[in-house]
Amino acid sequence: MTWLVFSYSLPSKAQSSPRVALWRRVRRLGAITLAGGIHVLPARDEDLEAFQWLAEEVQQAKGEAVVMRVEQFEGLSDADLIECFRRARAEDYAALEAQASTLEERPRSRLKAEERRRVRERLERLRRQHAEVARIDFFDAPEGSLVAAHLARLAQMLAAGEASSAVVTPAAIQAYRDRRWVTRPRPHVDRLACIWLIRRFINPAAVIRYANTPDTDEVAFDMRHGTFSHRGNLCTFETMVTAFGLDDPSLHLMGEIIHEIDLRDGRYIHPETAVIDAVLKGWLLMGFSDQELETHGVALFEGLYTAFARGGRPKPAGKRA
C-alpha cells in the first residue's frame, strides 16, 4: 500500500490554541500517530488534500510542515499499520457502545413523553457520532457493525408500542421477479424510492408503467387499492420493505427519510431530509418527464443507499415525540 505522512512543528513560543486545533483536526481526519509524532493516513486524494491544507496552515503560523507519500515503513508492515487503524477505531466505537449501553438501561416503557423525546435525541446524537467514526474507519473495524446493530435495536425498542398497527402481508420476491408494475404518473419521493427498490432488489429490468388505472396483470404500487400502498402510518416504501422481509438497517433509515418527506408527520429526524426534499421538488419544477424522474430518482436512492451501507450515516434514527 501507499501511505500519506504528515509531520509538522510550530515555533516554541506559539500559543497552545493552534497546537490543540491542529491535533483535533488531525484526529478528525482519522490519522494514526506513530513514533516521532508523524501522522499517517491511507493514500487517498481527499486525505492528501486535507494534509496539504493543514501544512499550509502550519506555514501561515510560522511553523514547518511536510507531506509525503511512503511506500513502506521500516519495521512496520501494511498489516501492522492497518491493525493500528482498526485499534484506534475500536476505541472510538467502544466509547459509543458504553453510551449506548447506558441508554439501554433506561426503562423505556415507563418514560414520559418529554423523557422519551430526550432519549430519542441522545440516540440520534449517538448515530451522528457513529457516522463520524465510520467515515474514518478505513479498514472496517468489526466493532463498527456491532455498534450500528446495537443502535438499530435501541431505535426499534424505543419505538415499540408506537409502531403502526397495520398488518403487512408477507410477499416472496421470487413471485414478483417477472411481474409488470404500474404506478401513478409524475412519480415523487415514495414512488421513486419504490421504483429503486424494485430495480435494486426484485428485478433490475422490471417493466414499470405510469398510468392512473392498472391493467389486470400489473402490480400496482402507491395507488389506491394497490398491491403495495400505504398501510396504517407506513408509506409505500416502508410497506414494501416490510412485505419483502428486507431486514437491512440502511433500508430502514431510508424509509424514515422517505416517510418524513411523504407524510410530513414529524416522526423522524434526519439532516438529509430537507436536502433530498428540495432536490425532488426541483426536478418537478424543472418539468422532468416521468422517465427522467425515474432515472434521476433511481440514481439518487442508489447513492443514498450506498452511502448508508458503507457507513456514510448511522443506521435508523429515533423518532420525534
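These are my notebook entries on salt bridges, nonpolar cores and aromatic pairs in a predicted model.

**Entry 1: salt bridges**

I began with the charged side chains. Side chains of opposite charge can pair when their charged atoms come close. I looked up the total and found that the structure holds 18 salt bridges.

I then turned to R25, which forms a salt bridge with E57. The closest N and O atoms of this pair are 3.1 Å apart. I noted that R25 belongs to helix α1 (residues 16-28) and E57 to helix α2 (residues 45-60), so that the bridge links distant parts of the chain, 32 residues apart. I also looked up their accessibility: R25 is partly exposed at 37%, and E57 is partly exposed at 33%.

The next pair I examined was D47 and R44, with 2.7 Å between the closest N and O atoms of their salt bridge. Is D47 buried or exposed? I found that D47 has a relative accessible area of 4%, and because the limit for buried is under 20%, D47 counts as buried. Its partner R44 is partly exposed, at 30% relative accessibility.

I went on to D290 and R186, whose side chains meet in a salt bridge of 3.5 Å, N to O. D290 is part of helix α10 (residues 290-309), while R186 lies in the loop between β5 (180-183) and α6 (189-202), so this pair ties together parts that are 104 residues apart in sequence. R186 has a relative accessible area of 34% and is partly exposed.

Last in this entry, I recorded a network of salt bridges that links R180, R209, D215 and E218.

**Entry 2: nonpolar cores**

In soluble globular proteins, nonpolar side chains tend to be buried together. I therefore asked how many residues the largest nonpolar core has. I found 43 residues in this core, and W181, F228, F237, F244, L251, M254 and F301 are those with the most contacts inside it. The elements that give two or more residues to this core are α6, β6 (208-210), α7 (236-243), α8 (249-263), α9 (272-285) and α10. The largest share, 9 residues, comes from α6.

I chose F228 for a closer look at its contacts. Leaving aside residues up to four places away in sequence, I found that F228 touches several residues, including A171, Y176, W181, V219, M240 and F244.

I also noted a second, separate core of 29 residues, which includes L22, V58, V70 and F85.

**Entry 3: aromatic rings**

I looked up the aromatic pairs next, and the count comes to 16. In the pair of Y176 and W181, the ring centres are 5.9 Å apart and the planes stand at 35°, so the pair is tilted. I found both Y176 and W181 to be buried.

F228 and F244 form a tilted pair as well, with 5.2 Å from centre to centre and 35° between the planes. Which parts of the chain does this pair tie together? F228 lies in the loop between β7 (218-220) and α7, and F244 in the loop between α7 and α8, so the pair joins parts that are 16 residues apart in sequence. F228 is buried at 3% relative accessibility, and F244 is buried with a relative accessible area of 8%.

I recorded that Y176, W181, F221, F228 and F244 form one aromatic cluster.

My final look-up concerned a charge and a ring: the charged end of R200 sits over the ring of F201, 5.5 Å from its centre.

Notes:
Residues numbered from 1 in each chain as written. Predicted model: local features only at pLDDT ≥ 70, side-chain atom pairs only at ≥ 80, totals over all residues. Heavy atoms only, no water. Salt bridge = Lys/Arg side-chain N within 4 Å of Asp/Glu carboxyl O. Helix = DSSP H or I, 4+ residues; strand = E, 2+ residues; numbered from the N terminus. Buried < 20%, exposed > 50% of the residue type's maximum accessible area, 1.4 Å probe, protein only. Core = buried A, V, L, I, M, F, W, Y, C linked by side-chain atoms within 4.5 Å. Contact = heavy atoms within 4.5 Å. Phe/Tyr/Trp six-rings, centres within 6.5 Å; stacked < 30°, edge-to-face > 60°. Lys NZ or Arg CZ within 6 Å of the ring centre and 35° of its normal.
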